[in-house]
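Reader: I am new to this structure and would like to look closely at one part before moving outward. Could you choose a single residue, describe what surrounds it, and then lead me on to other parts of the chain?

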Amino acid sequence: METSYYLAADKRFYEPFDRRPVEALDYLDFVASRLTDGRTLVRKGVWVHCHNGKVLPIQGWKIHLSTVPQDARRLLEAAVPYLMERGVSFKFLGDARTLRMMNAKTWGRGGSGKFITIYPADTDEFKRLLEELEPLTREFRGPYILSDRRYKDSKVLYYRYGGILSNSRLQSDGTRTPMIVAPDESEIEDVRTPTFQPPEWAKDPFPEAKNLKEGEALNHGRYAVEKALQFSNSGGVYIAQDLVAGRRVVLKEARADVYGLSDIDDAATLLRDEFAVLKRIDDCGFAPRPIELFQEWEHLFLAEEYLEGYVPVRTLVVQGAMLLETRPTRETVARYLRRDIEILRQLAAIIDQLHARDVVWGDISFNNILVHPDTLDVKIIDLESAHIIGSGKRRRIFTPGFVDASTMSLAAPTIADDYYGFGAIMLH
C-alpha cells in the first residue's frame, strides 16, 4: 500500500486514515442528505458505511461499482437513491481524494477500482440488484476490478464472494487476516488477490460468464510472454518472445482507467506518450528501441527492445561499493572512482541529448538507469515521466529524494529538475 495512505491524516506521523477530514462536498453530503429512517453513516478507514439497521450475513456475494474520477459523482447519484429505496446496506469512498488514491498506480491490485460496495441479504437479492443496477449504470465506465468478475458487459458492475461482517484472525506480527467460514464451520482465509477466486463451495451465480483468456500469445500470436518482471495497479512489465522477429522483447502493459496523476492521464495515456518519446530519441542509442503499440482486449501494450545483460545502476553500485572495503588502497579508490565517473559522464551526455531533442526526463532516479556490468554502457528506461517541450503535456512523476522539494508542487518538470536529479545521482 502506498505511503500516502499512512500519511494522509498527518504528514509527520502515521495516523489512522479516518483521522483525515473528509471533503464532504464531493460525495458524503449527497448520501447524508438522502438518509432514510433508521439509516446511519459510519466511517472506517477509507470507507463510509451506510447501514439500514438490518442484520447482515457474515459473508456472501458482494457487488462492487467502479468508476473514474470524472464520473464518480454522477454514478453515486444514479446508484444511491436506488439502494436507499431498496433498503440495501452499502459503503462508499468518502471523497475524490480517496478515490484517486485507490485508483492510482501504487495501490494494491486486489482492492483497487472499488468505489461502492453493496451488501445483498442473500443470493436472490444479489442477482436482482445486479439486474436492476445494470441499466441504471450503463453509461458509466471504470477500471476493471481484478479481484472480481464483471457482470455481463457492464463497465462498472463487478461481484465476488467474501466477508461482509468483520471476521478476522490476529496474526503473530500484529496484523489481521480476514476470514470466512466454510460449510464444515472451519475458518479459512478470505483471499483477496488480483484474480477472481471464490472458495470451492461458492458456485458462481452466473456460470455462463467467461474468464479472461490466459496463456495465449498476444497481438494475434506475435508475443509469447515468458515471465513477469513486475506488477503494479496500472499493469505489468513482461519479458516475451517476439515470434515474428525471433527475439526477446519487453512488454509494458497499461490498464484502462487507472489514474493517479490527474483525472485525464490514465495509464494508457502515459504509455502512448512514452512511446512518442521513445520514437523521438530512437536513433540516440541510450534507450530501448520502440517496436509498436498494440491493443489486447481492453489493455494497451508497448513492445520495446529487451536490454540483455543490463542491471539497475543501484545494483552495480551496491554490489561493488568502495565503502564495503575494510581497508581500501589508493588503487581500489581510483578503480571505483573511474567506474563511477564513467557512468556519470555517460548519464550527463544522455541528459544533454534529451534536452537537445526538446525532451525533459522528469524522473531521474536509480530505478530508471541501467548499466552493463562488463562495458559500463548506460541506458535509461521507463520514460513515462518524460514529456516533449511544447507538447502541452503537464504531468509530474518523480522519485522522492531526486527532486527539489521546493518545485514538487509545479505542474510539469523542467530542465532544471533534470539537473537536480543528476546531482542527486552523483551525491548518492
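**A lysine and its surroundings**

Author: If the neighbours within four places in sequence are set aside, the residues in contact with Lys127 are Pro205 and Phe206. The model in which this is seen is a predicted one, and the description that follows should be read with that in mind. Along the chain Lys127 and Phe206 are 79 residues apart, yet their C-alpha atoms are separated by 9.0 Å. Is Lys127 buried, exposed or partly exposed? Its relative accessible area is 36%, and because this value lies between the 20% limit for buried and the 50% limit for exposed, Lys127 counts as partly exposed.

Lys127 belongs to helix 5, and the next step is to see what this helix packs against. Helix 5, made of residues 123-136, packs with helix 3, made of residues 72-86, and between the two there is an angle of about 145° and a distance of 10 Å from axis to axis. The crossing that helix 3 makes as it passes helix 5 is right-handed. On the side of helix 3 the residues that meet the partner are Ala78, Ala79, Tyr82 and Arg86, while helix 5 brings Arg128, Leu129, Glu132, Leu133 and Leu136. Sorted by class, this contact holds 6 nonpolar and 3 charged residues, and no polar ones.

From the helices we can turn to the strands, beginning with strand 2, which covers residues 47-51 and has 4 of its 5 residues buried. Strand 2 is joined by 5 bridges to strand 1 (residues 40-44), the two running antiparallel, and in this pairing Val42 stands opposite His49 of strand 2. Between strand 1 and strand 2 the hairpin has 2 residues, and Gly45 takes a positive phi there, near 65°. Strand 2 also runs antiparallel to strand 4 (residues 89-93), with 4 bridges between them, and here Trp47 is found opposite Leu93 of strand 4.

A second residue that deserves a careful look is Tyr161, which is found in strand 7, residues 157-163. With a relative accessibility of 13%, which is under the 20% limit, Tyr161 counts as buried. Not counting residues up to four places away in sequence, Tyr161 touches Gln59, Gly60 and Trp61, and further along the chain Ile180, Asp190, Pro198, Pro199, Trp201 and Ala202. With Gln59 there is also a polar contact of 3.1 Å, made between the two side chains. Lys203 is 42 residues from Tyr161 in sequence, and the distance between their C-alpha atoms is 9.3 Å.

The last part to visit is an open sheet of 3 strands, ordered 16-18-19, in which the pairing is antiparallel. Its edges are strand 16 (311-312) and strand 19 (378-380), each of which pairs on one side only. Strand 18, residues 369-371, is paired with strand 19 in the antiparallel sense over 3 bridges, and Val371 stands opposite Val378 of strand 19. Helix 9, residues 330-356, packs on this sheet, where it touches strand 18 and strand 19, and the direction of helix 9 makes about 40° with that of strand 19.

Key: Residues are numbered from 1 along each chain as its sequence is written. This is a predicted model: local features need pLDDT of at least 70, side-chain atom pairs count only at pLDDT 80 or more; totals for chains, interfaces and linings use all residues. Side-chain values use heavy atoms; hydrogens and water are left out. Two strands pair if DSSP finds at least two bridges between them. Contact means heavy atoms within 4.5 Å. Axes are lines fitted to C-alpha atoms, for helices over the stretch in contact, and angles run from 0 to 180 degrees between N-to-C directions. A crossing is left-handed if the near helix is turned anticlockwise from the far one by less than a right angle, and right-handed if clockwise. Ala, Val, Leu, Ile, Met, Phe, Trp, Tyr, Cys and Pro count as nonpolar, Asp, Glu, Lys and Arg as charged, and the others, Gly among them, as polar. Buried means under 20% relative accessible area, exposed over 50%, partly exposed in between (1.4 Å probe, protein chains only). A polar contact is a pair of N or O atoms within 3.5 Å; within protein, one must be able to donate a hydrogen and the other to accept it, and residues adjacent in sequence count only if both atoms are side-chain atoms.
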